[in-house]
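Thank you all for making time this morning. I would like to walk you slowly through one structure, moving between single residues and the chain as a whole, and I will try to be plain about what each value says.

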Amino acid sequence: MKIATWNVNSIRARLPRLLDWLGRQQPDVVCLQETKVVDALFPRADLEALGYQCVFTGQKTYNGVAVLSRTPAVEVLRDLPGEPAGSERRFLAVDVAGVRVVCVYVPNGREADSPHWLAKLEWLERLRAFLADSLATVPELVVCGDFNIAPGDADVWDVALWQGQNLFTGQEKAMFDRLLDLGLTDTLRHHQPGPGVFTWWDYRNGALHRGWGLRIDHILASAALAGRLLKAEVDREARKGSQPSDHAPVIADFGGRPAGEF
DNA sequence: ATGGCTACTCCTAGTAGA
């Protein structure tokens with residue numbers, strides 16, 4: 001079971017590249033972030049034509065998340081418990097083939113210690129509580145998305161530059177560790193423990209080819225799934241060429257269940 | 001490296017992203 005996450009930075013601007021990428025990678029489940037489109041205009045037909053079912057929750061201009069799947073997905077929740085009504089579209093939980101898939105677009109935070117950054121930590125705390133509840137009853141769970149946290153020194157290209165900055169503060173890294181403490185495995189880190197494995201590069205200044213990147217997109221898996229992890233990687237090729245997203249997809253491949261359960 | 005890019009919008013300037 002290939003599960004991917006990709007911040008596409010507008011699904012309409014990225015549609016040709018997304019369709020091409022789906023055809024090439026053939027993932028079973030894809031979590032998308034920053035779709036930036038209201039539900040009425042989500043390009044469902046183009047994705048269904050490729051054999052993908054779509055569950056999505058979006059808004060105009062900002063945010064928006066979706067889960068694509070080759071087998072039916074049952075929506076579980078589209079509002080993170082504790083969020084006020086009409087909140088930003090950043091969360092979606094679905095069940096696919098016995099796996100609970102949680103798609104998140106964590107608030108950016110903008111600047112350390114700013115009101116936006118404090119709201120980011122509060123959002124993460126609500127996510128932690130939701131995941132703790134879910135893991136009590138659901139053994140196979142993945143949390144996929146743009147976490148806007150580089151969890152360790154290996155995940156930024158210049159530790160001194162990033163020290164204490166938004167995405168790399170001690171509080172954000174501690175919160176990420178608390179998520180892992182729920183029993184989740186950082187699949188990409190687990191499979192590729194070395195430094196310099198990044199998922200985002202600034203559009204400016206040739207950041208991609210200069211290696212100025214961050215690892216902020218993650219696939220966290222519960223123990224039952226992580227035990228079947230075959231591979232996890234960044235599709236850096238998808239960041240190249242014309243009109244890319246500034247994020248690259250992350251893909252985790254989990255082996256099948258014992259015979260008879262699929 | 002504090003933006004020199006990209007995408008969005010009651011669009012030609014301001015906001016946001018990370």
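**Two loops, then the whole chain**

Let me begin at Asn-148, which lies in the loop between strand S8, residues 141-146, and helix H4, residues 159-162. Before going further, please keep in mind that this is a predicted model. Is Asn-148 buried or exposed? Its relative accessibility is 5%, and because buried means under 20%, Asn-148 counts as buried. Its backbone also deserves a look, since Asn-148 has a positive phi of about 50° although it is not a glycine. For those new to this angle, most residues other than glycine have a negative phi.

Ala-97 is another residue to set beside it, for its phi is near 50°, again a positive value in a residue other than glycine. Ala-97 sits in the loop between strand S6, residues 91-96, and S7, and with 31% relative accessibility it counts as partly exposed.

Now let us step back to the chain. Chain A has 8 helices and 14 strands. Its radius of gyration is 17 Å, close to the 18 Å that the globule rule gives for 262 residues, so chain A is as compact as a globular protein of that length. Taken along the principal axes, the C-alpha atoms fill a box of roughly 50 × 45 × 40 Å. Of the 262 residues, 54% count as buried, and the chain exposes about 11,000 Å², of which carbon and sulfur atoms supply 52%. If we take the contacts between residues at least 6 apart in sequence, 70% of them join residues at least 24 apart.

What lies inside? The largest nonpolar core has 34 residues, and those with the most contacts inside it are Val-67, Val-94, Val-101, Val-142 and Phe-254. The largest share of this core, 4 residues, comes from strand S7, residues 99-105. Apart from it lies another core, of 22 residues, among them Ala-93, Leu-121, Ile-149 and Leu-220. To see one residue of the largest core in its surroundings, look at Val-67, which, not counting residues up to four places away in sequence, touches ten-odd places I will sample here, including Val-29, Cys-54, Leu-92 and Cys-103.

Three more loop residues will complete the tour. Pro-27 is placed in the loop between H1 and strand S2, residues 29-33, and it is buried, with a relative accessible area of 1%. The C-alpha atoms of Pro-27 and Ile-251 are separated by 8.0 Å, although these residues are 224 apart along the chain. Leaving aside neighbours within four places in sequence, Pro-27 is in contact with Lys-2, Ala-4, Trp-21, Leu-22, Tyr-52 and Arg-70.

Arg-70 comes back at Gly-51, which, with the same kind of neighbours within four places left aside, is in contact with Ser-69 and Arg-70. Gly-51 is found in the loop between helix H2, residues 44-48, and strand S3, residues 53-57, and at 38% relative accessibility it counts as partly exposed.

Finally, Asn-9 lies in the loop between strand S1, residues 2-7, and helix H1, residues 15-25. Asn-9 is buried, with a relative accessible area of 15%, and, beyond residues up to four places away in sequence, it touches Arg-14, Gln-33, Glu-34, Lys-36, Tyr-203, Ser-245 and Asp-246.

Key:
Residues are numbered from 1 along each chain as its sequence is written. Chains are lettered from A and ligands numbered from 1 in the order in which they are written. This is a predicted model: local features need pLDDT of at least 70, side-chain atom pairs count only at pLDDT 80 or more; totals for chains, interfaces and linings use all residues. Side-chain values use heavy atoms; hydrogens and water are left out. Helices (H or I, at least four residues) and strands (E, at least two) are DSSP runs, numbered from the N terminus. The radius of gyration is taken over C-alpha atoms; the globule rule is 2.2 Å times the number of residues to the power 0.38. Buried means under 20% relative accessible area, exposed over 50%, partly exposed in between (1.4 Å probe, protein chains only). Contact means heavy atoms within 4.5 Å. Accessible areas come from the Shrake-Rupley method with a 1.4 Å probe; for residues, only the protein chains shown count as cover. A nonpolar core is a set of buried Ala, Val, Leu, Ile, Met, Phe, Trp, Tyr and Cys residues joined through side-chain atoms within 4.5 Å.
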